[in-house]
Amino acid sequence: VIGFRNKLSNVVGWLGLAIGLTVAATVPAGYLLVAYSQVDHQLSLLADMKASRLAKYIYLHQKLWQYQTLRLAELTEIPEAREVGGQQRIFDSTGKLVLETGEAPAFPIARRSSPIVVAGLQVATVETAATFRPILLATAIAAALSSLLGLAVVFIIRILPQRIIDRTLAKLEAIQTRLTATIEAVPVEFMEYDRQGRLILINSAARVSQGWDGNSIGKTQRELLERTLSRRRVEEPDHDWDGWMAKRLSTLERSGMFELTRPTGESGRFYVTDTPDGGKVVVRVDISELKQREASLAAEMERLTSIFRSSGAGILLLDRDTRVVMANQFILDIQGKSSADVIGHRYSELAITGLDSTVIERWQAASNTAPLTAVEFDYSLGSSRDARRIIKVTATPVQDGTGALRYIVLIGVDDTERRMGEIKLFDSARLANLGEMATGMAHEINQPLATIRMASETLIEELDLETSGMAAELTTFFREKLIRIATQTDRASGLVRDLRAVARRPANESRPFDVVEVARVCDGLLHEQLRVARVALSLDLPPASVLAQGESSRLQQVLINLVLNARDALTSDPDRPSTGMLGHIAVRVAVAPEGGTVLTVEDDGPGIPPAVFPRLFEPFFTTKPTGKGTGLGLSISHGIVKHMGGEIDAQNRSGGGARFRIILPALTQLSPQAGLAA
Amino acid sequence: LPLYHGLRAIALGAIGVMVLLSPALGRTLKTGGTGSVTELLKQLAPAFKADTGIDLDVIPGLGTSGANNAVADGQLGIAVSGRHLKDKEAKKGLKEVATLRTPFGLVTSRQGPDDLKRSDIAELYQSNRPTWSDGTPILITLRPVDESDNIVLGELFPGMTEALVRLRKRPDLSIAATDQDNADIAEKVKGSLTGAALTQIISEKRNLRFVSIDGVAASLENYQNGSYPYGKSLYVIAPSVVSPEAEAFIAFLAKPATEALLRQAGMITGK
């Protein structure tokens, strides 16, 4: 700063001297120039005027005109021109002085002449002369005054600006100190190079990061880097330090922002700016952490994006004008369009309807920070009842800081399973109630049945004792009828007992049970019913019990369901005969070679259509007429068998008809403590 | 051939006679000078021709200095100067060969009679707004500084030279270059006042009247008897080598007949 001040003082001093000399010289020079020009112009003009007047006179008085001095003298005087102290001389064509009027002007003299032309011939020359002394005197006075003025200018420019410069420099020093402190304090690296590429300023952050000590000032970037790298090349020889150095050196060859990563992995962002004096300011910000975060963020974004895209829920983002901003694959699949066909289009153009336009308008009109309420609606996907899926959509408005609507987020969830669960729950409750009612009714029915049984047995005994008074044929007839009453009463009691077993509330307790008994109970429950429907039911059972683990009532439910499905298939067959039996259902229990139990239900009906196989066990899928089936039977059966650890499958028989096969695991694989339940 | 030689002798003889007779044939004396006598010289020309056979060619407007220079340059045979020769003119060989005198005074266009005191004239010339006795403004006409009449006027009355120098600073006054201009202006301006020689007024028949000074009128008689002492001397200037025509003119001036003519024009010869 002191050097700059001295330089500035010298410049100002010389500048003041130059201006002072200019002022001192310009005023008299200007005056002299102007005055000389004026005198010159005046003398020339007077000479021309006199020549003109003399020419006219000589033309008229040519005889000895040279000696007509009085008239010539009169004509050379132009009082209107206010000549003062001038001299006029007339020379004839030979150069001889003809007339001289006025006193000879004092030195220096300005002379101007003009030819006197008569009839095309120059007969004489008139000369006007005037002294230049007054102008010189005035010029000298002006020079003296302007010299004083110049001295004043020198004084003013040298002295006054010096004080201003000193004050300004003091301010500049303060600013420089503050700026230096600020630069020193900033957490980014700050380096400044002059136009020769020498370092002239560096803050502590840069010194630490670059490994440059206090002697780095005045050295070029190459020198500094060479000094640093000579050590690092030895310490970390595996890195390409030369390549990095070449890139680093190129940073000073251009301006702008760019990033550079050290061989050791630290990343820096360089901001290079040209200074007005041709140097460079380099600001380096360590972005290593930022880079790591960017990488983490990118990975997170990729993960979120994959979640967003593959989410089981449909996500649709609309702007405040209901134009699609984002849509995940779920939505695109529903639309059956690509992303490009959806993004930017209005919500009203999409297939996912249900968000009422009045709601949207109300949201769009929102202007305060009161939160807007989300709305829910169902969207049915698929036209047929069997393939219908229920999407539960929640539309949530997103407001900005002013409360205005910014986005609308629509999240659609496939609600079909939950709805099915609700229905299953309802059916379970209904069946449970029905079971309890059946149990109560069985108890009530058993009482009269027991009474009837006892009464019939008593009548038989009495009939055996009292046969004297009754004809033998009549006794036999009564006896057969009573026996039949007792037999049917027993059968009714058995039905009631079986119904109680089936309708018993699942205890959710797994225990071993006899699969053969389950088959028999099923036959007992359905045999008569099937017979009425002209369907034969046959059992193919092993002689001994076949045990399985689980709840017998649940497997009974499965078996009844399979038999009734077979009945419905037989009775709904359009090719069924009008008389006689419609078909045959066979229930088979066998022990599998691996030790498990195989329960098979076969019919000789039309079989299962191939298109139905893939969705056979889906909930709500049914081929029965509307109102006839819920579409839940096979689905529930599948769930029960799975719960027991078994498998259920279906196939068409080669000779016609369908076959459902249930494979239950061997009992030995189950808990040995379990007791026999049925 | 004899015939040719005879004719050639006759031709050469004729040429010789013509050469010998040529000076006498068409001899002319160019003259000029102060404007006061220009008209007088023209009036003398017939008598001079009759007396000497020489034409007198009067060049007007030369003035004293111009005429003297013309004589020195041989452009004039003789000149009439309104003043004595200057030294530089004398150094050119000019010389005063005769003297003529005429009354000199102040003339005006007024019908008069007017009279001025000799002692008041210089003061009158310096007054800002001089008037005649009847209150008419006196309008003075000046002459060029070197003009002979200006010099004569300054010398005639006490304090007049200084008065004329001061008066010359007034821009409103007219300066007449020649004697004829002076008379023209004085005739045309009402209440005019300027210096003039009696011979010019008479010979040019100017409608101007002299103002009497101290009660004495400007006439040749009063001038000769001394009661009117204000006059102007005129000098006949000849070159160092006087031509016969000039000598004839000098002799002509001295003749009684010529003097009579001069007196009629308000002029007398001799110092």
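Which residue is the bridge partner of A:Thr273 in strand 9 of chain A? In this predicted model, the partner is A:Val281. The pair belongs to strands 8 and 9 of chain A, covering residues 267-274 and 280-286, which run antiparallel and are joined by seven bridges.

Strands 8 and 9 are part of an open sheet of five strands in chain A, arranged in the order 6-5-9-8-7 with antiparallel pairing. The edges of this sheet are taken by strand 6 (199-202) and strand 7 (256-261); each has a single partner strand, so one side of each lacks a neighbour in the sheet. On average, neighbouring strands here are turned by 20° against each other, direction ignored. Helix 6 of chain A, residues 241-249, lies across strand 5 (189-193), strand 7 and strand 8 of chain A. Relative to strand 7 of chain A, helix 6 of chain A runs at about 170°.

A further open sheet in chain A is formed by five strands in the order 11-10-14-13-12, and its pairing is antiparallel. Strand 11 (324-327) and strand 12 (375-381) of chain A stand at its edges, and because each has a single partner strand, one side of each is left without a neighbour in the sheet. Neighbouring strands of this sheet are turned by an average of 20° against each other, with direction ignored. Within the sheet, strand 10 (residues 314-319) and strand 14 (residues 405-414) of chain A pair in the antiparallel sense over six bridges. A:Asp319 stands opposite A:Tyr407 of strand 14 of chain A. Helix 10 of chain A, residues 357-364, lies across strand 12, strand 13 (389-399) and strand 14 of chain A, and runs at about 145° to strand 14 of chain A.

Chain B contains 12 helices and 12 strands. Of its 271 residues, 49% count as buried. Among the contacts in chain B with a separation of 6 or more, 75% are accounted for by residues 24 or more positions apart. The exposed area of chain B is about 12600 Å², of which carbon and sulfur atoms supply 57%.

In chain B, helix 5 (residues 118-126) packs with helix 7 (residues 160-167) at an angle of about 10°, their axes being 9 Å apart. The two helices of chain B are therefore roughly parallel to each other. Helix 5 of chain B contributes B:Ile121, B:Ala122, B:Tyr125 and B:Gln126 to the contact, and helix 7 of chain B contributes B:Met160, B:Ala163, B:Leu164, B:Arg166 and B:Leu167. These residues divide into seven nonpolar, one polar and one charged.

Methods: Residues numbered from 1 in each chain as written. Chains lettered and ligands numbered in written order. Predicted model: local features only at pLDDT ≥ 70, side-chain atom pairs only at ≥ 80, totals over all residues. Heavy atoms only, no water. Helix = DSSP H or I, 4+ residues; strand = E, 2+ residues; numbered from the N terminus. Buried < 20%, exposed > 50% of the residue type's maximum accessible area, 1.4 Å probe, protein only. Contact = heavy atoms within 4.5 Å. Areas by Shrake-Rupley, 256 points an atom, 1.4 Å probe, with all protein chains shown as cover. Pairing = 2+ DSSP bridges. Axes fitted to C-alpha atoms, helices over the stretch in contact; angles between N-to-C directions. Parallel < 35°, antiparallel > 145°, perpendicular 65-115°, else oblique. Nonpolar A, V, L, I, M, F, W, Y, C, P; charged D, E, K, R; others polar.
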